[in-house]
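Work through the exercises below with the structure in view. Each task is followed by a solution in steps.

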Amino acid sequence: MLLCALVLPAVTACGSGSPAAEPTTVSPTTTNVSTPPAAPSAVPVVDPYAGQPLIDHVSWVEAIDGARLLVYPTPAGRQTTFPGADERAWQEVIAQSADADTPGMRDQFVCHWAWARLVQPDKPSWNLEPWRPAVGYQATVEARCNPGGPER
């Protein structure tokens, strides 16, 4: 949402998916002339990665601040833009480690899914820490996916 607010304010109302109203031009020699409709969205209609895993594996490690779950996405998990793929990937994470199923861990995962894939597309793993506070998704994003302090 933050990216939407910063990058696309004149094009789209954030979260609405509908184009901002375009002005209609009226002149003495023409009647209503408006801008042509916007191009269709880049969201795929068919999941190109259906049936393929989005998460390769997960691994618990001990870090300086405590336990950390390393989540390793597959190439499909790094590339998919299909709606709902984030939830499918999260289900794969908790199928591999039921201990990850907490609100704070889920918010960290979705933050990595939405932002780390853009900012650091080749980062080997996404690190989720159960000791981080569950502050809600928006605050997790504002903390760069690391509420409660930077990653060490």
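**Exercise 1.** Find what sits over the ring of W113 in this predicted model.

Solution. Start at the ring of W113 and look above its plane: the charged end of R117 sits there. Its distance from the ring centre is 4.0 Å. A charge counts as sitting over a ring if CZ of Arg is within 6 Å of the ring centre and within 35 degrees of the ring normal.

**Exercise 2.** State how many aromatic pairs the structure holds, and classify the pair of W90 and F109.

Solution. Step one is the count: there are four aromatic pairs. Step two is the geometry. A pair of aromatic rings is described by the distance of the centres and the angle of the planes. For W90 and F109 the centres are 5.4 Å apart and the planes stand at 40°. Planes under 30 degrees apart count as stacked and those over 60 as edge-to-face, so the pair of W90 and F109 is tilted. Step three is the position in the chain: W90 belongs to helix α3 and F109 to helix α4, 19 residues apart, and the pair links distant parts of the chain. Step four widens the view: ring pairs join W90, F109, W113 and W126 into a cluster.

**Exercise 3.** Decide whether W90 and F109 are buried or exposed, and place them in the nonpolar core.

Solution. Both W90 and F109 are buried. The largest nonpolar core has 20 residues, and W90 and F109 are among those with the most contacts inside it, along with L69, V71 and V93. Two or more residues of this core come from each of β3, β4, α3, α4 and β5. To see the surroundings of one core residue, take L69: beyond four places away in sequence, its contacts include V58, W60, V93, M105, W126 and L128.

**Exercise 4.** Describe the sheet and the helices that lie across it.

Solution. First give the strand order: the open sheet of three strands runs β3-β4-β5, with antiparallel pairing. The edge strands are β3 (55–63) and β5 (126–128), each pairing on one side only. Neighbouring strands are turned by 25° against each other on average, direction ignored. Next, examine one pairing: β4 (residues 66–73) and β5 are joined over three bridges, and V71 has W126 in β5 as its bridge partner. Finally, add the helices. Helix α3 (residues 85–96) lies across β3, β4 and β5 and runs at about 55° to β3. Helix α4 (residues 103–119) also lies across β3, β4 and β5, running at about 160° to β5.

Methods: Residues numbered from 1 in each chain as written. Predicted model: local features only at pLDDT ≥ 70, side-chain atom pairs only at ≥ 80, totals over all residues. Heavy atoms only, no water. Pairing = 2+ DSSP bridges. Helix = DSSP H or I, 4+ residues; strand = E, 2+ residues; numbered from the N terminus. Axes fitted to C-alpha atoms, helices over the stretch in contact; angles between N-to-C directions. Contact = heavy atoms within 4.5 Å. Core = buried A, V, L, I, M, F, W, Y, C linked by side-chain atoms within 4.5 Å. Buried < 20%, exposed > 50% of the residue type's maximum accessible area, 1.4 Å probe, protein only. Phe/Tyr/Trp six-rings, centres within 6.5 Å; stacked < 30°, edge-to-face > 60°.
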